[in-house]
Structure formats: structure tokens, C-alpha cells
Amino acid sequence: MEFVSANPSVVRSIKQRVLLNAWLRALRKPQSLPAITDFRPDGIGDELADMMGFNVEGEVETARFLITQEGSRLAVTYGNDHIAPEQRTNRYLDDAIGPDRFARVLPCYRQCLTRRRPTYAISRVEDLEGKEVCYERLLLPFGAGDSVGQIVGSYKAISIEGGFKVDNLMGIGKAVPTRIVNAVIDLELARRPAGVRTCDDIIVTDAD
């Protein structure tokens with residue numbers, strides 16, 4: 001699976017651009033990784049339902065991703081809402097979504113580890129009523145030095161056809177999603193000045 005280099009404008013969702021801007025502000029040196037403690041996006045409470053957090057365990061080729069936070073809407077999207085909230089964390093991503101789906105998303109996570117930069121992907125899927133939906137995945141790496149220790153993920157489902165069914169959108173038994181964007185955001189990265197807030201950023205993007 002080939003990933004192209006891109007600048008931050010590749011991200012369509014305004015809310016994901018807010019998260020990416022916060023990651024850029026936390027980036028202290030051009031070649032280093034930001035610390036998770038420096039990640040302070042505006043209005044993150046409203047976004048947690050569409051976000052996941054992971055601790056990275058192991059090296060790139062054998063790394064596993066321990067879930068530390070799973071948003072409630074993501075549980076519905078993957079058909080896992082029957083699992084109690086307290087049981088959705090402290091399990092590995094490959095166990096949580098199964099081997100077939102994990103194999104499809106793993107390249108995004110590995111690119112995030114090897115390039116130490118955000119990765120962004122868009123997949124085209126259909127909901128239960130056959131409406132076309134774009135599923136956007138933004139992965140943000142954090143750590144010390146050159147080693148990625150944590151990943152924060154944001155996952156957005158958007159349809160130009162209007163309202164759609166999120167239930168089991170990425171669940172088992174559905175048609176394989178069609179990947180239409182694979183990007184590593186490693187071009188034109190500049191740390192936001194300390195006094196600049198996310199709401200001061202001028203963002204030109206498609207409707208969320």
C-alpha cells in the first residue's frame with residue numbers, strides 16, 4: 001500500500017484539522033515527536049466520541065496497539081457497542097477489530113511509527129441503506145526522541161448524500177472498504193506560535 005507525502009491541507013474535516021493544528025503546536029523541533037502532555041486541542045471533550053488512544057508496545061514490525069480510550073460512536077461504527085465501556089480499553093487493537101480488518105488498517109499505523117508523522121486515510125464504504133460514506137482516519141504520533149510511544153486517532157464518517165446509518169458501518173461482514181487516500185503529513189509542517197490558538201487558524205476545507 002503506497003502512501004504519498006502531503007501537507008496539512010489534505011485533511012478534509014475541520015475538526016480533524018483542529019487536532020492536527022494542536023499536534024503541530026506541540027511539536028518542538030522539526031525532527032522530534034511531540035509529547036502527549038503538550039497536546040492540548042480546543043474543545044476535545046466534544047470529540048472524544050470519535051477518538052481512540054493507544055500505547056505502542058514493541059518495535060515497528062511487531063508493534064501492538066493497546067487501547068487506552070475508545071469513543072462511544074466508534075464502538076457503534078465497528079459493531080462493538082454491546083461491549084461494556086469499561087471493557088473496551090486495555091485490549092489490543094488487533095483483538096478488538098479482528099484479523100481481517102486489522103490487516104487493512106495496519107499499514108496506516110505502521111507508517112505513523114516509521115515516519116513519525118501523522119497519517120491520514122480516506123476509505124469509501126456504504127451504510128446499511130446503501131448510501132456512500134467516506135470514512136476518514138487521522139493518526140497522530142507522540143513520544144520521546146525518535147520512538148513513538150502513543151498514538152491518538154480521530155475517525156470521521158461523512159456522506160455527501162446527507163444522513164446515514166453509522167451502525168456497524170465498518171463492521172464484520174460488510175464489503176471491503178475502498179481506500180481513496182493514503183497520505184503521510186510530512187510537508188510544510190510548521191509549529192504554531194505559542195500565542196496562536198486553534199480558533200485563530202484560517203482553515204479552508206470541504207464541509208464536514
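Colleague: Two strands count as paired if DSSP finds at least two bridges between them. This is a predicted model, so with that definition in hand, which residue in E7 is the bridge partner of Ser 123?

Modeller: Start from the strands: E4 covers residues 119-126 and E7 covers residues 178-185. They pair in the antiparallel sense over 6 bridges. Within E7, the bridge partner of Ser 123 is Arg 179.

Colleague: Happy to widen the view. In what order do the strands of the open sheet stand?

Modeller: The chain has 4 helices and 7 strands, and along the sequence the pattern is β-α-β-β-α-α-α-β-β-β-β. In space, 7 strands form an open sheet with mixed pairing, and their order is E1-E7-E4-E5-E6-E2-E3.

Colleague: Which strands have one side left without a neighbour in the sheet?

Modeller: The sheet is open, and from one strand to the next the twist averages 30 degrees. A strand at an edge has a single partner strand, so one of its sides has no neighbour in the sheet; this applies to E1 (4-6) and E3 (64-70).

Colleague: Now the helices. What angle does the direction of H1 make with that of E5?

Modeller: Helix H1, residues 14-26, packs on the sheet and touches E2 (51-57), E4, E5 (132-144), E6 (147-158) and E7. Helix H4, residues 99-115, lies across E1, E2, E3, E4, E5, E6 and E7, running at about 35 degrees to E5. For H1, the angle with E5 is about 10 degrees.

Colleague: Gln 16 caught my eye. Is Gln 16 buried or exposed, and what is its relative accessible area?

Modeller: Gln 16 is found in helix H1. Beyond its neighbours within four places in sequence, Gln 16 is in contact with Val 11, Tyr 120, Glu 136, Leu 138, Ser 154, Tyr 155 and Lys 156. The cut-off for buried is under 20%, so Gln 16 counts as buried, with a relative accessible area of 0%.

Colleague: Let's talk about packing. Which element gives the most residues to the largest nonpolar core?

Modeller: That core has 26 residues, and Phe 54, Phe 65, Tyr 109, Ile 151 and Tyr 155 have the most contacts inside it. E2, E3, H3 (93-97), H4, E5 and E6 each supply at least two of its residues. The element that gives the most, with 7 residues, is H4.

Colleague: How many residues are in the second, separate core?

Modeller: To place the first core, take Ile 151: leaving out residues up to four places away in sequence, its contacts include Phe 54, Phe 65, Tyr 109 and Leu 139. The second core is separate and includes Val 11, Leu 19, Leu 138 and Ala 183. Its size is 20 residues.

Colleague: Back to the strands. Which residue in E6 stands opposite Phe 142?

Modeller: E5 and E6 run antiparallel, joined by 11 bridges. E2 and E6 are also antiparallel, with 5 bridges, and Asn 55 stands opposite Gln 150. The residue in E6 opposite Phe 142 is likewise Gln 150.

Colleague: And which residue takes a positive phi in the hairpin of E5 and E6?

Modeller: This hairpin has 2 residues between its strands. The positive phi there is near 65 degrees, and the residue that takes it is Gly 145.

Colleague: Glycine is one thing. What is the phi of Asn 90?

Modeller: Most residues other than glycine have a negative phi. Asn 90 lies in the loop between H2 and H3 and is exposed, with a relative accessible area of 63%. Its phi is positive, near 60 degrees.

Colleague: Where does Arg 116 lie?

Modeller: Arg 116 also has a positive phi, about 55 degrees, although it is not a glycine. Its relative accessible area is 26%, which makes it partly exposed. Arg 116 lies in the loop between H4 and E4.

Colleague: One last point, on confidence. Which element has the lowest mean pLDDT?

Modeller: The chain has a mean pLDDT of 81, and 78% of its residues reach 70 or more. Over residues 192-208 the pLDDT is below 50, although this stretch has 29 contacts in the model beyond near neighbours in sequence. Among the elements, E1 has the highest mean, 96, and the lowest, 72, belongs to H2.

How values were computed
Residues numbered from 1 in each chain as written. Predicted model: local features only at pLDDT ≥ 70, side-chain atom pairs only at ≥ 80, totals over all residues. Heavy atoms only, no water. Axes fitted to C-alpha atoms, helices over the stretch in contact; angles between N-to-C directions. Contact = heavy atoms within 4.5 Å. Buried < 20%, exposed > 50% of the residue type's maximum accessible area, 1.4 Å probe, protein only. Core = buried A, V, L, I, M, F, W, Y, C linked by side-chain atoms within 4.5 Å. pLDDT = per-residue confidence, 0-100.
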